Amino acid sequence: MSHTLYEGFPTFSGERWFEMERPVTWEKDRVNLNRWTLMEHTGTHIDAPLHFSEDGNSVDLIPVADLLCPLAIIDIRAKAAADADAYLTPDDIAAWEAQHGEIPEGACVAMNSGWAAHLKTEKYTGLDAEGKNHTPGFHHEAARFLIEERSVRGIAVDTLSLDRGLASGEFPVHYDWLGSGRWGVECLASMDEIAPSGAYVFVGAPKVAGGSGGPSRIVALH
């Protein structure tokens, strides 16, 4: 469920956050060795609680048991196609539960907005002339519901932000969700190939001391 990370991978700010140099090459050294320069939140990546809290767990301190969990995929592709500023709302959660039953304990709830298909187009960042992003995300009330009413470990999106793009500078979902000690994943891929319920997901988070997140290999298990 991870996109391949490459130089120029889109970022929320539009800045270049990943570069790869090749100081050691096969032609010159008979060895290949690359140097990466990156911001932690580039490509398909995890947001650790520390990312939006003063003293939450850094990425290396997230228990491994919390990174393997049931996967609930909520499909909002139709309304996201009609409105790039669409939210995943409490009503969407209620509709999913009406069909599949209550969200499993310890689950990751993932938003499928169809945005993964836009990766190499301008629509993926949704930046307008004023520098605002137009991309779907979780509604603050949906995040509060999952915190207060369901025992959920993580949320995930196929966009660049857990919050919808227009929340830039405010990030209510980031502050509440990560501040509650839970993790998030951004820039998911391949959700169209996975059943909305019944699968498990493993988040292969990097084990970097003090990290606020980092590129991750996300695997769905059917």
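Tutor: Buried means under 20% relative accessible area, exposed means over 50%, and partly exposed lies in between. The model is predicted.

Student: Why is tyrosine 6 called partly exposed?

Tutor: Tyrosine 6 has a relative accessible area of 24%. Partly exposed is the class between 20% and 50%, so tyrosine 6 is partly exposed.

Student: What makes phenylalanine 9 buried?

Tutor: Its relative accessible area is 3%. The limit for buried is under 20%, so phenylalanine 9 is buried.

Student: Why is the pair of tyrosine 6 and phenylalanine 9 called tilted?

Tutor: A pair of aromatic rings is described by the distance of the centres and the angle of the planes. Rings pair if their centres lie within 6.5 Å, and planes neither under 30 degrees nor over 60 degrees apart count as tilted. For tyrosine 6 and phenylalanine 9 the centres are 5.3 Å apart and the planes stand at 55°, so the pair is tilted.

Student: What makes phenylalanine 12 and phenylalanine 171 a tilted pair?

Tutor: Their ring centres are 5.9 Å apart and their planes are at 55°. With limits of 6.5 Å for pairing and 30 to 60 degrees for tilted, the pair is therefore tilted. The pair links distant parts of the chain, 159 residues apart: phenylalanine 12 is in the segment before β1 (18-24), and phenylalanine 171 is in the loop between β8 and α5.

Student: How do you know whether phenylalanine 12 and phenylalanine 171 are buried or exposed?

Tutor: Phenylalanine 12 has a relative accessible area of 15%, and phenylalanine 171 has 18% relative accessibility. The limit for buried is under 20%, so phenylalanine 12 is buried and phenylalanine 171 counts as buried.

Student: Which residues do ring pairs link into a cluster?

Tutor: The cluster consists of Phe12, Phe52, Phe171 and Tyr175.

Student: Why is aspartate 85 said to have no salt bridge?

Tutor: A salt bridge needs a side-chain nitrogen of Lys or Arg within 4 Å of a carboxyl oxygen of Asp or Glu. For aspartate 85, which is buried, the nearest side chain of opposite charge is arginine 164, 5.0 Å away. The limit is 4 Å, so no salt bridge is counted for aspartate 85.

Student: What joins the side chains of aspartate 85 and histidine 134?

Tutor: They share a polar contact of 3.0 Å. Aspartate 85 sits in the loop between α2 (77-82) and β5 (87-88).

Notes
Residues numbered from 1 in each chain as written. Predicted model: local features only at pLDDT ≥ 70, side-chain atom pairs only at ≥ 80, totals over all residues. Heavy atoms only, no water. Helix = DSSP H or I, 4+ residues; strand = E, 2+ residues; numbered from the N terminus. Buried < 20%, exposed > 50% of the residue type's maximum accessible area, 1.4 Å probe, protein only. Lys, Arg positive; Asp, Glu negative; His and termini not counted. Polar contact = N/O pair within 3.5 Å; in protein donor to acceptor, adjacent residues only side chain to side chain. Phe/Tyr/Trp six-rings, centres within 6.5 Å; stacked < 30°, edge-to-face > 60°.
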